[in-house]
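Please open the model in your viewer and keep the sequence panel beside it. The tour below moves from one selection to the next and says what is found at each stop.

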Amino acid sequence: MSFRAIFFDIDGTLLGRDKRMPPSTLHALKKARENGVLLFVATGRVTPMTYFLRDYFDFDGFAAMTGQYCFDKNGKVLHTLAIDPEDIRLLMQLQKEEPFPCLIAEGRECFAATPAKQIDENFTDIICPRLPSMTCHASVNTRCIS
């Protein structure tokens, strides 16, 4: 059987328990590349949480945010699936009424809607600024701004 492309998850697949890529994984990636196989990362992580992988290997592309934002190794966007702006407005209204831990992820950025220990603990390796207010303006690229 011959493969043209392989997609890899990050945690427990590309990275070991120590959160580093084992030499054996890097060796296998290089061998697959030598055999003409395209190599992609497929993850539920927000896009900025994938960038560090470029330090390990020159992947052909990434499918981040569970496939909502896909891009090639040069950053060219291949696919996006935006959340409906009305859903974002509703979420921001709920945040105003009773704040809860909430991270809003766009293609290349994410924002913490409300300060929360869970967000601080899980997103320390990326920049997630707190939104200064809950005013949400809908556009093609929905962005919540002050």
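A residue is called buried here when its relative accessible area is under 20%, exposed when that value is over 50%, and partly exposed in between. With that cut-off in hand, select T47, which has a relative accessible area of 0% and is therefore buried. Please keep in mind throughout that this is a predicted model.

**Stop 1: T47 and its surroundings**

T47 is placed in the loop between β2 and β3. If you show the atoms around T47, leaving aside residues up to four places away in sequence, you will find that T47 touches A64, M65, Y69, F71, E106, G107 and R108. Look in particular at G107, since the side chain of T47 reaches the backbone oxygen of G107 at 2.5 Å.

Next, select P48, which is found in the loop between β2 and β3. P48 has a relative accessible area of 16%, so it counts as buried. Add R108 to the selection and draw a line between the two C-alpha atoms: P48 and R108 are 60 residues apart along the chain, yet these atoms are separated by 6.2 Å.

**Stop 2: the whole chain**

Now zoom out and colour the chain by secondary structure, which shows three helices and nine strands. Followed from the N terminus on, the elements run β-α-β-β-β-β-α-β-β-α-β-β. The protein chain has 146 residues, and buried residues make up 37% of them. Among the contacts with a separation of 6 or more, 41% are accounted for by residues 24 or more positions apart. If you switch on the surface, the accessible area comes to about 9,200 Å², and 54% of it belongs to carbon and sulfur atoms.

**Stop 3: the nonpolar cores**

In soluble globular proteins, nonpolar side chains tend to be buried together. Which residues have the most contacts inside the largest nonpolar core? Select L14, L29, L39, V41, L53 and F59, which hold that place in a core of 20 residues. At least two residues of this core are supplied by each of α1 (23–34), β2 (38–42), β3 (61–64) and β4 (69–72).

To see how one member is surrounded, centre the view on L29, which touches F8, L14, M21, L39, F57 and F59 when residues up to four places away in sequence are not counted. Apart from this largest core lies another one, of five residues, including I88, M92, C102 and A113.

While C102 is selected, note that its relative accessible area is 6%, so that C102 is buried. C70 may be selected as well, and at 14% relative accessibility it also counts as buried. A disulfide is a covalent bond between the sulfur atoms of two cysteines. A search of the whole structure finds zero disulfides.

**Stop 4: the aromatic rings**

A pair of aromatic rings is described by the distance of the centres and the angle of the planes. The count of aromatic pairs in this model comes to seven. Select Y51 and F71, whose ring centres are 6.5 Å apart and whose planes stand at 70 degrees, so that the pair is edge-to-face. Because Y51 lies in the loop between β2 and β3 and F71 in strand β4, this pair ties together parts that are 20 residues apart in sequence. Are the two partners buried or exposed? Y51 is partly exposed, at 28% relative accessibility, whereas F71 is buried, at 2%.

Then move to F57 and F59, an edge-to-face pair with 5.2 Å from centre to centre and 65 degrees between the planes; both of these residues are buried. To take in a wider group, select Y51, F57, F59, F62, Y69 and F71 together, which ring pairs link into a cluster.

**Stop 5: two backbone angles**

Most residues other than glycine have a negative phi, and most peptide bonds are trans. Where does K19 lie? K19 is in the loop between β1 (5–8) and α1, and its phi is positive, at about 65 degrees, although K19 is not a glycine. With a relative accessible area of 52%, K19 is exposed.

Finally, select T66, in the loop between β3 and β4. The phi of T66 is also positive, near 55 degrees, in a residue other than glycine. At 68% relative accessibility, T66 counts as exposed.

Notes:
Residues are numbered from 1 along each chain as its sequence is written. This is a predicted model: local features need pLDDT of at least 70, side-chain atom pairs count only at pLDDT 80 or more; totals for chains, interfaces and linings use all residues. Side-chain values use heavy atoms; hydrogens and water are left out. A nonpolar core is a set of buried Ala, Val, Leu, Ile, Met, Phe, Trp, Tyr and Cys residues joined through side-chain atoms within 4.5 Å. Buried means under 20% relative accessible area, exposed over 50%, partly exposed in between (1.4 Å probe, protein chains only). Helices (H or I, at least four residues) and strands (E, at least two) are DSSP runs, numbered from the N terminus. Contact means heavy atoms within 4.5 Å. A disulfide is a pair of cysteine sulfur atoms within 2.5 Å. Rings of Phe, Tyr and Trp (its six-membered ring) pair if their centres lie within 6.5 Å; planes under 30 degrees apart count as stacked, over 60 as edge-to-face and the rest as tilted. Accessible areas come from the Shrake-Rupley method with a 1.4 Å probe; for residues, only the protein chains shown count as cover. A polar contact is a pair of N or O atoms within 3.5 Å; within protein, one must be able to donate a hydrogen and the other to accept it, and residues adjacent in sequence count only if both atoms are side-chain atoms.
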